[in-house]
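This briefing is for a reader who is new to the structure shown below. Please look over the sequence and the model before reading on.

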Amino acid sequence: MIKIGIDKMGLALPNYVLDLKELAKARNTDPDKYTIGLMQKAMAIAPVTQDIVTLGAEAAAQILTDEDKAAIDMVIVGTETGIDQSKAAAVYIHGLLGIQPYARAIELKEACYSAAAGLEFARNHIANRPESKVLVIASDIAKYGLHSGGEPTQGAGAVAMLVSANPSILELNWDNVYQTRDVMDFWRPNYSPYPEVDGRFSTEQYTDCLQTTFEYYQQQTGKTLDDFAAVCLHIPFAKQGLKGLRSLKPSEKHEERFLEAIVYNQEVGNIYTGSLFLSLLSLLEQSNNLSAGDEILLYSYGSGAVCELFSARLVDGYRNHLNPNRLEELAKRQTLSITDYEALFFETISLDEKGNSPELHPDDSRFALQGIENHKRIYRKN
Ligand code: CAA
């Protein structure tokens with residue numbers, strides 16, 4: 001059978017970060033609640049000029065060659081931070097990247113889950129067209145609001161994955177199982193900038209979906225946890241992932257790999273659709289305990305709820321296709337004060353009666369939102 005999987009991975013984060021100890025101080029909360037109780041350290045903060053389009057385009061631009069852009073015939077963006085009720089963010093990104101025109105570009109939505117579905121759709125597409133490549137992007141800005149329960153679990157960022165035949169990083173196994181259940185644990189009505197969250201219930205749903213889907217996965221595949229060198233999970237905050245993993249009765253090695261798989265998430269916060277793949281990137285770049293042929297189990301969870309379990313196998317030489325300097329790059333982000341965080345992350349764009357925005361702050365990133373003209377979002381590419 002043709003081998004299909006992740007050939008390249010890119011990560012884009014905004015240039016700003018808030019230390020959760022600062023947030024704890026401002027909210028009169030014991031910092032241990034965030035750093036030990038939630039197991040989080042910091043969260044990435046996006047200015048108004050950085051959205052799911054600019055972050056998604058940046059994550060992809062880091063990895064794509066001209067040859068890739070000529071071969072890509074599908075762009076899938078998974079997000080729950082849509083910038084338009086009609087036009088897909090994937091269309092803007094396709095244009096900004098200069099991907100050949102005879103491609104399909106779509107946006108998928110189901111809370112934090114949809115990029116996992118995108119990966120499966122990409123694999124099935126390539127099974128029928130082995131010469132083509134598919135760009136799958138998970139891009140989100142997790143914003144719960146000032147003084148909200150979810151405030152310490154916010155974040156922003158995008159992960160881009162190039163899916164192809166004979167991939168350089170991970171081969172996807174054909175063992176996906178999924179579950180859908182209609183629950184109201186986390187949702188965002190069209191009229192609201194922030195989600196409604198039944199926090200405790202959402203944490204229970206995350207773990208119950210994992211346990212029941214894993215039982216089904218075992219029945220379907222005959223595999224057990226021992227077959228996997230590591231488990232990567234959706235990480236809304238690291239403690240949630242640990243609780244989920246522990247509900248599967250992991251071995252010591254799985255807990256050790258888990259700690260390697262949350263290094264980036266602890267510094268970035270929740271990036272919804274991208275969180276599972278950020279954790280995967282963290283594991284692959286930060287672990288010295290994996291080798292080619294090792295199998296990794298992945299758990300995607302999107303509130304509402306849909307979840308999926310699937311697995312992948314590490315390809316020989318996978319580390320040569322990753323970024324060994326990621327942590328140094330993360331450390332270069334600008335640390336914000338509480339006042340700046342509150343102003344920057346919660347700034348909104350006001351429009352005049354013709355649908356024009358005032359001039360936005362300068363942003364010298366490779367891709368930035370320049371403004372809104374006549375209700376159209378105008379992106380700048382440097
Ligand atoms: N020192 C050490 N630990 C402390 C502490 C202290 N001083 N104070 C509290 N803690 C611990 C608590 O014991 C608790 O740990 P356990 O759950 O292991 O007992 C942890 O810190 C959190 O404390 P609380 O439960 O009291 O915190 P909270 O009520 O303020 O809210 C939350 C927690 C509900 C998860 C909230 O952060 C939230 O609503 N988050 C957003 C929703 C979310 O992320 N849900 C996850 C599942 S849904 C999903 O995965 C999709 C998605 O991305 C949203």
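The notes below cover the ligand and its surroundings, and then two points of backbone geometry.

The model is predicted. Its ligand occupies the second largest pocket, and 26 residues surround the ligand. Both domain 1 (4–169 + 324–381) and domain 2 (171–316) contribute at least three residues to that shell.

**Contacts with the ligand**

- Among the 26 residues around the ligand, those that come nearest are K33, R200, S202, H234 and K243.
- K243 also makes a polar contact, with a polar side-chain atom 2.5 Å from an oxygen atom of the ligand.
- For N270, the distance between a polar side-chain atom and an oxygen atom of the ligand is 3.0 Å.
- D30 faces a nitrogen atom of the ligand instead, and an N or O atom of the D30 side chain is 2.9 Å from that nitrogen.
- On its own the ligand has 1100 Å² of accessible area, and the protein covers 73% of this.

**Make-up of the shell**

- Three elements each give two or more residues to the shell around the ligand: α2 (31–37), α7 (199–221) and α8 (238–246).
- Of these, α7 supplies the largest share, with five residues.
- Sorted by class, the shell holds 11 polar, nine nonpolar and six charged residues.

**Backbone geometry**

- Most peptide bonds are trans, and most residues other than glycine have a negative phi.
- The bond between G304 and A305 is a cis peptide bond, with omega at about 5°.
- A305 sits in the loop that runs between β13 (295–302) and β14 (306–314).
- N28 is not a glycine, yet its phi is positive, at about 50°.
- The loop between α1 (20–26) and α2 contains N28, and α2 is also one of the elements that give two or more residues to the shell around the ligand.

Methods
Residues are numbered from 1 along each chain as its sequence is written. This is a predicted model: local features need pLDDT of at least 70, side-chain atom pairs count only at pLDDT 80 or more; totals for chains, interfaces and linings use all residues. Side-chain values use heavy atoms; hydrogens and water are left out. A residue is near a molecule or strand if one of its heavy atoms lies within 4 Å of it. A polar contact is a pair of N or O atoms within 3.5 Å; within protein, one must be able to donate a hydrogen and the other to accept it, and residues adjacent in sequence count only if both atoms are side-chain atoms. Accessible areas come from the Shrake-Rupley method with a 1.4 Å probe; for residues, only the protein chains shown count as cover. On a 1 Å grid over the protein atoms alone, a cavity is a set of points where a 1.4 Å probe fits but cannot get out, and a pocket is an open set with protein on both sides within 12 Å along at least five of seven lines; lining residues have an atom within 4 Å of a point. A molecule sits in a cavity or pocket if more than half of its atoms lie within 2 Å of its grid points. Helices (H or I, at least four residues) and strands (E, at least two) are DSSP runs, numbered from the N terminus. Ala, Val, Leu, Ile, Met, Phe, Trp, Tyr, Cys and Pro count as nonpolar, Asp, Glu, Lys and Arg as charged, and the others, Gly among them, as polar. Domain bounds come from an automatic or database domain assignment.
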